[in-house]
Amino acid sequence: MKYVRPVLISLAILVASTGISTSAQAAPRGSHCVADTGTQSVRCFDTEQRAMTAAAGVTVATFYEHGNFGGGSLTVTGDTCRDGQNQNLNFWQSTWNDKVSSFKTYANCYVTFYEHGDFQGATREWYANDAANFDNDFNDKPSSAVFSRGPSRAELLKDCDRATRSCDAKVGWKGNDFWGDWRRVDTAYNCSSSESTQVVGSRDTRTGKNSVSHEIGVTAGFQFLVDWSVSYKATFGSEWGWETSDMVETRTTIKPGHWAGLDRSPVMRVSGGEYELWYEKPKWGHRQWFVLSFSGEGPAPGVVGQTKIVGAKMTAAEKKKVCGKSANEVVRSTGAPVAAAVAPAPVATTAGALHS
């Protein structure tokens, strides 16, 4: 049966309809401004850094003129969002009307954007402590916004199969497999005066990562990661692993006074989709929630990947440090890391219903 997303039902929010007043002339496009949810005032500066320095109170969101957080910025200040309390910004009379293309949320603030001023018209919602681009249908359209205490995607996933009646992973796409970062598996130092043939290697444990939050570790045993693995296999017929541990080794000959290391780059598997959660009782105002724009990458299970032997002559300092009293021996050092790059998490896109 084809999965159909339910129609968006907006949060019930009590808001004031005060328009923004500006304390200076209309700012040109590309400027960086600060807006306060309490006073509804806007001040503009030459740089985003100056705007943020001038901001008073807690930053609840930052709006950007272009996609992927580019162009001018509007830093929105107020208070940390709490249950039962809403903050609003009615910016249809300001230079930021019909100008926002991307945004970030902070301070546990879930945001609801409105197409028109005074909180009227079509809406788009997004999670607390997150970031997104608008979809094409809502780009450059927001004119007012409400900030409330709503969930982050991380908070929802922490509830998966723990505080929910059900939590279903829905894998929607997979990208091409790619080579992961190189990492040193084992190093052998030949402190003797003759060549030595050694089996260099060890067990290499790799973990993946997801786009939602670094606070959710893939080794922490969260059920939503298991659900994703099961859904991936059911959808694509191949295995998914958030963590793998593979024995990697090879035989090599090491010259006297040299070291040899075994490096490995695993095959990484990437995919994306969403989660559907159902609560027994309403949470954050709703029983059903979706975690959209989830993506993850993990090492392909059972695939060694590519390996290479590297090595060089030890420097005097290395020989003194490594060999010490171990002359005429081969000294091992397992698991020394090789420079590993951390790829940025993909930017989510606001589209579809977050709840029903």
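A disulfide is a pair of cysteine sulfur atoms within 2.5 Å. I start there since much of this talk concerns cysteines. One caution on the source: the structure above is a predicted model.

By that rule, the count of disulfides here is 4. If you number the bonded cysteines in sequence order, they pair as 1-2, 3-4, 5-6 and 7-8. I will go through three of these links.

Take cysteine 160 and cysteine 167. They form a disulfide, and their sulfur atoms are 2.0 Å apart. Which hand does this link have? The torsion about its S-S bond is about -100°, so the disulfide of cysteine 160 and cysteine 167 is left-handed. As for burial, the cut-off is under 20% relative accessible area. Cysteine 160 has 1% and is therefore buried. Cysteine 167, at 5% relative accessibility, counts as buried.

Next, cysteine 81 and cysteine 109. This disulfide also has a sulfur to sulfur distance of 2.0 Å. Here the torsion about the S-S bond is about 100°, so the link is right-handed. Cysteine 81 sits in the loop between β5 and β6, while cysteine 109 belongs to strand β8, residues 109-116, so the disulfide ties together parts 28 residues apart in sequence. Cysteine 81 and cysteine 109 are both buried.

Then there is the link between cysteine 33 and cysteine 44, with sulfur atoms 2.2 Å apart. The angle about its S-S bond is 95°, which is right-handed. Cysteine 33 is in strand β2, residues 32-36, and cysteine 44 is in strand β3, residues 41-45; 11 residues separate the two. Is each end of this link buried or partly exposed? Cysteine 33 is buried, at 0% relative accessible area. Cysteine 44 has 33% relative accessibility, so this residue counts as partly exposed.

Now to the strands. Please look at β4, residues 58-66. Strand β4 runs antiparallel to β5, residues 70-78, and 7 bridges join the two. They make a hairpin with 3 residues between the strands. In that turn, asparagine 68 has a positive phi of about 55°. Strand β4 is also joined to β7, residues 102-105, by 4 bridges, and this pair runs antiparallel.

Two residues of these pairings can be picked out. Phenylalanine 63 stands opposite leucine 74 in β5. Tyrosine 64 stands opposite serine 102 in β7.

Phenylalanine 63 leads us to the interior. The largest nonpolar core has 50 residues. Which residues have the most contacts inside this core? They are Phe63, Phe147 and Tyr275. Strand β20, residues 286-299, gives the most to the core, with 5 residues. As background, nonpolar side chains in soluble globular proteins tend to be buried together.

Stay with tyrosine 275 for a moment. Setting aside neighbours within four places in sequence, tyrosine 275 is in contact with a list of residues including Leu157, Phe224, Trp228, Trp289 and Phe294. Cys167 is another of the contacts of tyrosine 275, and cysteine 167 is the partner of cysteine 160 in the left-handed disulfide.

My last residue is threonine 187, found in strand β14, residues 183-190. Threonine 187 counts as buried because its relative accessibility is 2%. What is around it, leaving aside neighbours within four places in sequence? Threonine 187 is in contact with Trp259, Ala260 and Gly261, and with Val331, Arg332 and Ser333.

How values were computed: Residues numbered from 1 in each chain as written. Predicted model: local features only at pLDDT ≥ 70, side-chain atom pairs only at ≥ 80, totals over all residues. Heavy atoms only, no water. Pairing = 2+ DSSP bridges. Core = buried A, V, L, I, M, F, W, Y, C linked by side-chain atoms within 4.5 Å. Buried < 20%, exposed > 50% of the residue type's maximum accessible area, 1.4 Å probe, protein only. Contact = heavy atoms within 4.5 Å.
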